[in-house]
Structure formats: structure tokens, C-alpha cells
Amino acid sequence: QAGLIYQEFTRQTHVIPSRELPVDWPRYRGIDFGVRNPFCCLWVAHDEDTDTLHVYREYLVTEKTTLENGRVVYALSKKDPAFAWTSADPESKDGRLTLARYCNIPTKPAPKHLGVHEGIQYVKHRLMLDAEGSPALIIHDCCKQLIREFRLYRWKPDQKKDQPIKRDDHALDALRYICMTLARQRATNDGRTLTRRSHLSIHGV
């Protein structure tokens, strides 16, 4: 579809029926803050053998405070294995402090210096198929809002420079934070500095 940002995404390829996942897979969360705009949290399990991320739960609501949302996220996470980290909107320091102080959810800011466009590229690379026809990003079918946003998120028309329309993007922002934070973690482990120019090499492209 014209202007669609994530044209790589298809339900047939990237969406599977929800199922239990191995408890030894590392777990991450991504959070995009909002009150009038939606607050969103995504839960992700990482199959490190195939480097595939499974988004297995979502929470997206409006008109609730960060404290209320944090308590729900904490409750929904209680039966999960421990989380390696939770990545959140770098612009909301107050929101991250609230989650840490009152909800027992420590967060790390997503790497802001990479920018929205680079974050989109990280997600796009995971949507691409490998030589065996498998993507590195799988969405469980219970994540209905995330699936919806993949179908709606678009570039602004008639712009000299690509700019996303700031709409239908809250779950996608949370996903972008997860992909960016994971890339930064890998760069650090490899002894590299994650820059705006290094993301392709990290993905082996």
C-alpha cells in the first residue's frame, strides 16, 4: 500500500497463534508513555538460537496515569521469567522514575541518539526474511493493536524527506525501543560504539 512504512509485514509471515514460550528465553519489555495518547507496553521473548523476537503480550490504554499503568504492567508480568531489561521512551524521565520508585519496574531509556528513522530500520531488518524464509520478528495473534498499527503506520505524503505521520504508532514505538536497545546491547558486548551508521553492520547487512 502506498506510503506504508512497514511494507515487509504480512499477517501470513509474521503472526502466529499465541502459545507458551520456553522459560529460558530472555525477556524484555518496551514502554511508550501516554495519558491522553495511549500508554503501551510490549512483552518480548528472545529465541537466541535463531535470533528471533516473539512479541507475546501487549497492553495499550488511554486515560490512565503512569502509576496506574505501571501497576497493571507489574501484575501482568508476575508469572513471567525475570526480565533482562525494560526499555522506555527516552523523552519521559518522570515516567521512568515513577515506574522505578512506585511500581518496581526499573527501565533504561532507549538510545535516543539513533533517531526514529534508524529505529524503524532495526524493525524493518527483523521483518525481512532470511535465506530459509524466516523473519527475526514474530507477533503473537493476541497483540491486536500492534498488528493493527503495522497496517496503518505511514509516511507523510509529498515530503522531500521521509517523515512518519505521528499516528497509529504507540505500540510500534515500544517495539522500536526494544529493537534499538537490543542493538545497543550487542554493540556494547562487541566492544563497539552504536552510532547512526553502525546499525546495518550489527544486523549483518
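Here is a short walk through part of this predicted model, strand by strand and ending at a helix.

**Stop 1: strand 3.** Select residues 39-47, which make up strand 3. How many of its residues are buried? The count is 9 of the 9, so the strand is largely enclosed by the rest of the structure. Turn on the side chains and look along the strand. F39, C41, W43, A45 and D47 point one way, while C40, L42, V44 and H46 point the other way. Both sets are buried. As background, side chains in a regular strand alternate between the two faces of the sheet.

**Stop 2: back to strand 2.** Now add residues 27-32, which is strand 2. Strand 2 and strand 3 run antiparallel, with 6 bridges joining them. For a landmark, click on R29: across from it in strand 3 stands W43. Then trace the chain from one strand to the other, and you'll pass through a hairpin of 6 residues.

**Stop 3: on to strand 4.** Select residues 52-61 for strand 4. Strand 3 is joined to strand 4 by 9 bridges, again as an antiparallel pair. Which residue of strand 4 is the bridge partner of V44? That's V55. The hairpin between strand 3 and strand 4 has 4 residues between the strands, and D51 is the one to click there, since you'll find it with a positive phi near 55°. Strand 4 itself is mostly covered, with 8 of its 10 residues buried.

**Stop 4: across to strand 7.** Keep strand 4 on screen and add residues 137-140, strand 7. This pairing is in the parallel sense, over 3 bridges. To find your place, pick L53 and look opposite for L137 in strand 7.

**Stop 5: helix 5.** Finish by selecting residues 144-152, helix 5. Show the side chains of L146, I147, E149 and F150, which are buried. Now rotate until you're looking down the axis of helix 5: the buried residues fall within an arc of 160°, so they line one face of the helix. In general, an α-helix has 3.6 residues a turn, so residues three or four places apart point the same way.

Conventions
Residues are numbered from 1 along each chain as its sequence is written. This is a predicted model: local features need pLDDT of at least 70, side-chain atom pairs count only at pLDDT 80 or more; totals for chains, interfaces and linings use all residues. Side-chain values use heavy atoms; hydrogens and water are left out. Buried means under 20% relative accessible area, exposed over 50%, partly exposed in between (1.4 Å probe, protein chains only). Helices (H or I, at least four residues) and strands (E, at least two) are DSSP runs, numbered from the N terminus. Two strands pair if DSSP finds at least two bridges between them. The arc is that of the directions from the helix axis to the C-beta atoms.
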